[in-house]
Number of protein chains: 2
Amino acid sequence: MNIGEAASATGVSAKMIRHYEEIGLIRPAGRTGAGYRVYGPKDLSTLSFVRRARDLGFSIAQIRDLLALWQDRDRASADVKRIASAHVEEMKAKMRLLEEMVQTLEHLSAHCHGDDRPDCPILEQLAGGGSECCA
Amino acid sequence: MNIGEAASATGVSAKMIRHYEEIGLIRPAGRTGAGYRVYGPKDLSTLSFVRRARDLGFSIAQIRDLLALWQDRDRASADVKRIASAHVEEMKAKMRLLEEMVQTLEHLSAHCHGDDRPDCPILEQLAGGGSECCA
DNA sequence: GCTTGACCTTGACATGATGGGAAGGTGCAG
DNA sequence: CTGCACCTTCCCATCATGTCAAGGTCAAGC
């Protein structure tokens, strides 16, 4: 199987497959005499694993660890769970940050006429016009 | 005022001030005879504006527009509100994505023993063991 | 056998916001 | 005058991904 077929079979772009190989996330693929990369069923499983992990937002570093655990039959599930929990906490932290920003902006927007007049609490806030607008 | 003082006064790093100047987000600062950048009160206001906008998660492109509106006395507040609303929607979309990923992972984690045994639904899911685990 | 088109190779560059560091000039205080 | 803190520019790195270019390869059709 060539890289293009592997790409469409796993949903990982050919570009990213080469990239993952280059950074050592996956083992270098076999090569034909002409230098084409060749992929077997095992490689496809690995690539699919990586794609699913990325879909869940894991970082490359985390995926590296998950792959190692996956390939280790003596792994402890606690190790996997720890990585997943850490990732969940990271995502929740990001959500809290986003939520804060959304809250602030929605509050400011609620007091912005949104018409032709130039008066705008959003800009006032950004300009440093104090942290409160009405309360 | 030198760049270092401007940086600590506004919370924008010297590095970023130079960067913002280079990409044309802010006007090139004045220079001393020796080539040092010089900042006045107006420049500090602009930098603070940029920092507050970044704190609210606006992209450089959005900040560029907000800055233009801020400096335009004839602006319509509707324009500002539109940018803010677009940004809020982007953030909410990101939150939904994160929430989905968190849901999935928490669900899988809940069914992972997290002990010394190798059995782990998280890895099974990543390996392509089907999208459901128990329901 | 030769052409053509689809595919492969490597390599470089871009994003976006930020940090780090090197090499060299400047300014001030002692 | 020396030393240190600060400034300058320039290059490189992150992270995941895309795009583009120049060139090699393969298979099919004639």
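Student: Which residues in α4(B) meet which residues in α5(B)?

Tutor: This is a predicted model. On the α4(B) side the residues are Gln62(B), Asp65(B), Leu66(B) and Leu69(B), and they meet Asp79(B), Val80(B), Ile83(B), His87(B) and Glu90(B) in α5(B). Sorted by class, this contact has four nonpolar, two polar and three charged residues.

Student: How is the packing of two helices described?

Tutor: Two values are used, the angle between the axes and the distance between them. Here, helix α4 (residues 60–70) of chain B packs on helix α5 (residues 77–110) of chain B at an angle of about 160 degrees, and their axes are 10 Å apart. Angles over 145 degrees count as roughly antiparallel, so α4(B) is roughly antiparallel to α5(B).

Student: Is the crossing of α4(B) and α5(B) left-handed or right-handed?

Tutor: α4(B) and α5(B) cross in a left-handed manner.

Student: At what angle do α3 and α4 of chain A pack?

Tutor: Helix α3 (residues 41–55) of chain A and helix α4 (residues 60–70) of chain A are at an angle of about 135 degrees, with their axes 10 Å apart. That angle makes α3(A) oblique to α4(A). The crossing of this pair is right-handed.

Student: Which residues make the contact between α3(A) and α4(A)?

Tutor: α3(A) supplies Ser45(A), Thr46(A), Phe49(A), Val50(A), Ala53(A) and Arg54(A). They meet Ile60(A), Ile63(A), Leu66(A), Leu67(A) and Trp70(A) in α4(A). By class there are eight nonpolar, two polar and one charged residues in this contact.

Student: Turning to the DNA, how many residues surround strand D, and which are the closest?

Tutor: DNA strand D is surrounded by 19 residues, and the closest are Lys15(A), Tyr36(A), Ile60(A), Gly4(B) and Arg18(B). Of the atoms of DNA strand D that come within 4 Å of the protein, 70% belong to sugar and phosphate. The surface near the strand has seven nonpolar, six polar and six charged residues.

Student: Which helices each supply at least two residues of that surface?

Tutor: They are α2 (14–22) of chain A and, in chain B, α1 (3–10) and α2 (14–22). The largest share, four residues, comes from α2(A).

Student: Which polar atoms of the protein pair with DNA strand D?

Tutor: Take phosphate and base in turn. A polar backbone atom of Gly4(B) is 2.4 Å from a phosphate oxygen of DNA strand D. An N or O atom in the side chain of Ser13(A) is 3.3 Å from a phosphate oxygen of the strand. On the base side, an N or O atom in the side chain of Tyr36(B) is 3.4 Å from a base oxygen of DNA strand D.

How values were computed: Residues are numbered from 1 along each chain as its sequence is written. Chains are lettered from A and ligands numbered from 1 in the order in which they are written. This is a predicted model: local features need pLDDT of at least 70, side-chain atom pairs count only at pLDDT 80 or more; totals for chains, interfaces and linings use all residues. Side-chain values use heavy atoms; hydrogens and water are left out. Axes are lines fitted to C-alpha atoms, for helices over the stretch in contact, and angles run from 0 to 180 degrees between N-to-C directions. Angles under 35 degrees count as roughly parallel, over 145 as roughly antiparallel, 65 to 115 as roughly perpendicular and the rest as oblique. A crossing is left-handed if the near helix is turned anticlockwise from the far one by less than a right angle, and right-handed if clockwise. Contact means heavy atoms within 4.5 Å. Ala, Val, Leu, Ile, Met, Phe, Trp, Tyr, Cys and Pro count as nonpolar, Asp, Glu, Lys and Arg as charged, and the others, Gly among them, as polar. A residue is near a molecule or strand if one of its heavy atoms lies within 4 Å of it. A polar contact is a pair of N or O atoms within 3.5 Å; within protein, one must be able to donate a hydrogen and the other to accept it, and residues adjacent in sequence count only if both atoms are side-chain atoms.
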